[in-house]
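New to this one? Here's a quick briefing on how its strands pair up, with the sequence and structure to follow along.

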Amino acid sequence: MATLKEKRNCGQRCEDFGRFVWNSENGTFMGRTPEKWVYISLYYVAFYVVMTALFSLAIWTLMYTLDPYAPDYQDRLQSPGVMVWPDTYVEEAIEISYNTSDKECWMKNSKILHKFLECYNDTKQLECKANCTKGQYFIQKTFTAPHHTKWACPFTQSMLGPCSGLEDPTFGYNCTMPCVIIKMNRIIEFLPSNHTDMPPYVNCTILDGQDNVDKMEYFPEGGIIDLSYFPYYGKLAQPTYVNPLVAVRFSLVKEKKAKIQCRVVSDKISYENFYDPYEGKVVFSLKAMK
């Protein structure tokens with residue numbers, strides 16, 4: 001029968017560990033001589049230097065081949081999304097409701113629109129000296145604007161007419177003629193149409209509550225988005241670019257509520273994508289209470 005291994009006490013274990021750390025008989029430190037520790041240290045230093053150099057080279061190569069003005073892959077965005085302001089979301093739906101008798105209630109929507117239109121200030125926008133031609137794409141192959149940028153056509157707040165907030169600071173939310181603002185999202189170098197004589201335009205239809213909307217008015221006239229705002233070259237290339245807008249004023253009657261779809265109409269803008277309800281269009285509810 002084999003004898004059991006002798007049980008070592010704490011002092012003996014400490015003595016063994018001390019001998020492992022430094023063995024004076026063999027001249028080893030933690031199992032290796034000083035010479036071997038030098039060799040293994042040099043090996044790991046060389047290994048990590050090479051790995052760092054390879055990683056740095058890979059990052060440099062990647063950054064060198066990237067275009068800072070446009071993403072390499074844009075296949076996920078074939079058609080732009082559309083948004084509406086005031087952007088009051090209720091879960092996944094957009095519901096613009098207000099009480100004409102409650103100033104605090106309707107002022108909330110007005111403040112949202114005033115804040116949204118701050119960058120469209122006429123004075124600020126007219127500082128732009130871009131040579132834009134209405135009805136034509138503003139294609140720029142070189143960076144001729146200051147600070148190695150490209151020009152951006154101005155869009156002024158006053159172009160929204162009665163829905164600009166300049167004539168009526170309430171945007172119609174103190175009565176039953178509210179304004180909403182439609183904005184098409186940006187896609188770099190996207191051209192909305194193959195035809196230069198057919199600019200995109202916003203068209204709103206009443207999905208529910210047709211009898212509750214007496215009329216709709218578009219600003220600019222016809223809800224047209226001029227071609228001179230396309231293409232968009234990116235934030236770095238066009239730091240002063242602002243999205244062209246279309247304002248729609250509704251005249252609510254009877255029950256004063258409706259479900260509305262506003263679509264950007266153009267031959268290269270789709271709106272029937274089941275998986276993206278905001279592609280090419282936006283659906284919202286509009287309701288005025290008293």
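Strands β10 and β11 run antiparallel to each other and are joined by seven bridges. Across that pairing, Gln261 sits opposite Val283 in β11. Keep in mind that this is a predicted model.

**More partners for β10 and β11**
- β10 (residues 257-265) also pairs with β7 (residues 201-208), again antiparallel and over seven bridges.
- In that pairing, Asn203 faces Arg263 in β10.
- β11 (residues 281-289) has a parallel link too: five bridges tie it to β5.
- Ile96 has Leu286 of β11 as its bridge partner.

**The two faces of β5**
- β5 covers residues 93-99, and its side chains take turns pointing to one face or the other.
- Ile94, Ile96 and Tyr98 share one face and are buried.
- Ala93, Glu95, Ser97 and Asn99 point the other way and aren't buried.
- That back-and-forth fits a general pattern: in a regular strand, side chains alternate between the two faces of the sheet.

**A four-stranded open sheet**
- Another set of strands lines up as β3-β6-β9-β8, with antiparallel pairing in an open sheet.
- β3 (82-85) and β8 (213-219) are at the edges with just a single partner strand each, so one side of each has no neighbour in the sheet.
- On average, neighbouring strands here are turned by 25 degrees against each other, ignoring direction.
- β3 pairs with β6 (residues 179-184) through four antiparallel bridges, and Met83 is opposite Lys183 in β6.

**A helix across the sheet**
- Helix α3 (residues 103-116) lies across β3, β6 and β9 (245-252).
- Relative to β6, helix α3 runs at about 40 degrees.

Key
Residues are numbered from 1 along each chain as its sequence is written. This is a predicted model: local features need pLDDT of at least 70, side-chain atom pairs count only at pLDDT 80 or more; totals for chains, interfaces and linings use all residues. Side-chain values use heavy atoms; hydrogens and water are left out. Buried means under 20% relative accessible area, exposed over 50%, partly exposed in between (1.4 Å probe, protein chains only). Two strands pair if DSSP finds at least two bridges between them. Axes are lines fitted to C-alpha atoms, for helices over the stretch in contact, and angles run from 0 to 180 degrees between N-to-C directions. Contact means heavy atoms within 4.5 Å.
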